[in-house]
Amino acid sequence: MKVKGHDGHTIGRVIGLTADEIIVEKGILRHRDYAVSLDDVREVAHGEVQLMHGNDSLFSAPREVAHGSW
């Protein structure tokens with residue numbers, strides 16, 4: 001499932017889900033996984049997750065997680 005920022009640009013894709021976060025994989029060659037709070041999700045529609053922030057906020061608010069550690 002694609003994850004898009006508030007500006008409509010694709011940020012990554014959902015690769016996991018915990019009780020209060022989605023795990024977003026970002027990057028094509030160098031994959032990085034980020035835990036994004038469900039509170040940051042604006043809506044889920046048409047097979048896409050739309051966040052309340054953009055790509056630049058992914059590095060400041062959500063936390064990076066080790067691949068597969070969630």
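Two strands count as paired if DSSP finds at least two bridges between them. With that in hand, look at K2, which stands opposite R13 in strand 2. Strand 1, residues 2-4, and strand 2, residues 10-17, run antiparallel and are joined by 3 bridges. They form a hairpin with 5 residues between them. In that turn, G8 has a positive phi of about 90°.

Before going further: this is a predicted model. The mean pLDDT of the chain is 85, and 83% of its residues reach 70 or more. Confidence is highest in strand 6, at 96, and lowest in strand 7, residues 63-65, at a mean of 69. Where pLDDT is low, the predicted coordinates should not be read in detail. I will leave strand 7 there.

Now the overall layout. The chain has 7 strands and 0 helices, so you can follow the pattern along the sequence as β-β-β-β-β-β-β. Of its 70 residues, 34% are buried. About 4500 Å² of the chain is exposed, and carbon and sulfur atoms supply 50% of that area. Among contacts with a separation of 6 or more, 45% are between residues 24 or more positions apart.

Back to the strands. Strand 2 also pairs with strand 3, in the antiparallel sense, over 4 bridges. A hairpin of 3 residues joins strand 2 to strand 3. One bridge to find on the screen is V14 with its partner V24 in strand 3. The C-alpha atoms of V24 and V14 are separated by 4.6 Å, although the two residues are 10 apart along the chain.

Stay with V24 for a moment. Is V24 buried or exposed? Its relative accessible area is 1%, and the cut-off for buried is under 20%, so V24 is buried. Leaving out residues up to four places away in sequence, V24 touches V3, G12, R13, R32, D33, Y34 and V36.

V24 also belongs to the largest nonpolar core, which has 8 residues: V3, I11, I22, V24, V36, V41, V49 and L51. Strand 3, residues 21-26, and strand 6, residues 48-51, are the elements that give two or more residues to this core. In soluble globular proteins, nonpolar side chains tend to be buried together.

Another core member worth selecting is V49. Again not counting residues up to four places away, V49 touches M1, K2, V3, K4, V14, I22, V41, E43 and V44.

Last topic: charges. Side chains of opposite charge can pair when their charged atoms come close. How many salt bridges are there? The count comes to 2.

One is between the side chains of K4 and E48, at 3.5 Å from N to O. This pair links distant parts of the chain, with K4 in strand 1, E48 in strand 6, and their positions 44 residues apart. E48 is partly exposed, at 28% relative accessibility.

The other salt bridge is between R13 and E25, at 2.9 Å from N to O. R13 lies in strand 2 and E25 in strand 3, so this pair ties together parts that are 12 residues apart in sequence. R13 counts as partly exposed, with 45% relative accessibility. E25 has a relative accessible area of 9%, so E25 is buried.

To finish, go back to R13. Strand 2 holds R13 opposite K2, V24 touches R13, and the side chain of R13 meets E25 in a salt bridge.

How values were computed. Residues numbered from 1 in each chain as written. Predicted model: local features only at pLDDT ≥ 70, side-chain atom pairs only at ≥ 80, totals over all residues. Heavy atoms only, no water. Core = buried A, V, L, I, M, F, W, Y, C linked by side-chain atoms within 4.5 Å. Buried < 20%, exposed > 50% of the residue type's maximum accessible area, 1.4 Å probe, protein only. Contact = heavy atoms within 4.5 Å. Areas by Shrake-Rupley, 256 points an atom, 1.4 Å probe, with all protein chains shown as cover. pLDDT = per-residue confidence, 0-100. Salt bridge = Lys/Arg side-chain N within 4 Å of Asp/Glu carboxyl O.
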